[in-house]
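Please open the model in your viewer and keep the sequence panel at hand. The tour below proceeds by selection, one stop at a time.

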Amino acid sequence: MARKAKATITDALGRERSATRASWGKIKAQRSGRLQASYVAPDGVRYNAPMTFDNRGDAEAWLADQRSEIARGVWLSPTEKAERKAASSRTLGDYAEAWLKDRTNSKGDHLRPRTRDEYKRLLRAPDPDDADDAGGPLAELAALPLAKITPAKVRSWRSAQLATGKKTQTSRAYGLLNAIMTTAVADKLVDENPCTVKGGQSTHTGRAVTPPTDAELSAILEAIAPRFRALVIVAAIGGLRYGEATALRAKDVTVERGEDGAVIAVRLDVGRGVVRTDAGIVPGETKSDAGVRRVGIFGEDAAIVAEHVRGLIGDALLFPARDGVSFLSQSAFWRHWDAARTAAGRADMPFHALRHYAGTRYAQAGATPRETMARLGHSSMGAAMRYQHSGNRDDELAARMARRQS
């Protein structure tokens, strides 16, 4: 059996005697007769208990608690404990404000303007001058101290949010809360993340987007204002997002012609996107690295795009606002889109359904999932899928999906 370690005890007269170190640490008698407990922490510093004890049993119990914290890897110095107590009393809203400012991805990039604005919206406090304003979905939790946000509180909050029918918004809010609280755990402000709902961050809403049929797409192209026909082609055949399409400039388009001058293909170099923020419509990067890609369009669809860019050079936007130089807002485009989709008998169809059409047609042409992801600029499969050049294979598939006019 291992020999027990010895501790030193000093009595009120200053005399030291050996004692079994059953309690771990050091217990020293004060002149008052009370006992002072201390121990050497992992940082090499000796710490005294913040109080003295009138009996040995209480002193040993306090030392046992400190030793247990060290063994479990949760020990904090008195200074750190004080800082943590003060920090944990901060509200989620206060902590989130700093979190939004400092948040970066694995590459060190800060949140994009649109993402930051969306997070602020989810956390927004109620307007004190508007009795009917409940604020963002996280307003209730944002007003609470971090330490008061428990798993039970999160479950109750989420249940109430789902009852409003806003499943997608609730999922996004839960995901943001989870990310913030994960950082709070790393900062040692709370012991554990209270977001423990399995599948709580699922973005599935149960609403499927139905892409247009070939006939419906033709009807849309026929009905839409001529200056937006190429925009529909770029989305439905090229698979570009609205923000990617409206960021295109003349220098991003290459027109390939045959010996007879007929258009064979157009190439779109996608490397930017525009987003709406609180500051207005601003240019930025694509949604992900996978969004940087070159998209080929063939056949009569290519001819429509080539005709649209004829006469445009350099930084001229392909699809500008009425002034010819500003980015086209979705609200300005909406009335044209709404009229065209209604004429096609699809008043329910969002513009994003054109991108679904592109993905479906590309897959029907024989593309593999990876090739479809590369063409559409997806970064799914755990964000592990990066942009890949499909080369001639992409051209072959894109040519197969080119629409044929009847």
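The stops that follow visit a helix and then a sheet in this predicted model.

**First stop: helix 7**

Select residues 167-186, which make up helix 7. Within this selection, highlight T170, which lies in helix 7. Is T170 buried or exposed? Its relative accessible area is 1%, and T170 therefore counts as buried, the cut-off being under 20%. Now display the residues around T170: leaving aside those up to four places away in sequence, T170 is in contact with W157, R158, Q161 and L162.

Remain in helix 7 and move the selection to N178, which also has its place there. Which residues does N178 touch, not counting those up to four places away in sequence? They are N193, C195 and Q201. Next, add T196 to the selection and draw a line between the two C-alpha atoms: N178 and T196 are separated by 18 residues in sequence and by 8.8 Å in space.

**Second stop: the open sheet**

Select strand 6 (253-257), strand 10 (293-298) and strand 7 (residues 263-270). These three strands form an open sheet with antiparallel pairing, in the order 6-7-10. Strands 6 and 10 stand at the edges; each has a single partner strand, so one side of each is left without a neighbour in the sheet. From one strand to the next, the twist averages 20°.

Finally, restrict the view to strands 7 and 10, whose antiparallel pairing extends over six bridges. To examine one position, select A265 together with F298, its bridge partner in strand 10.

Terms used. Residues numbered from 1 in each chain as written. Predicted model: local features only at pLDDT ≥ 70, side-chain atom pairs only at ≥ 80, totals over all residues. Heavy atoms only, no water. Helix = DSSP H or I, 4+ residues; strand = E, 2+ residues; numbered from the N terminus. Buried < 20%, exposed > 50% of the residue type's maximum accessible area, 1.4 Å probe, protein only. Contact = heavy atoms within 4.5 Å. Pairing = 2+ DSSP bridges. Axes fitted to C-alpha atoms, helices over the stretch in contact; angles between N-to-C directions.
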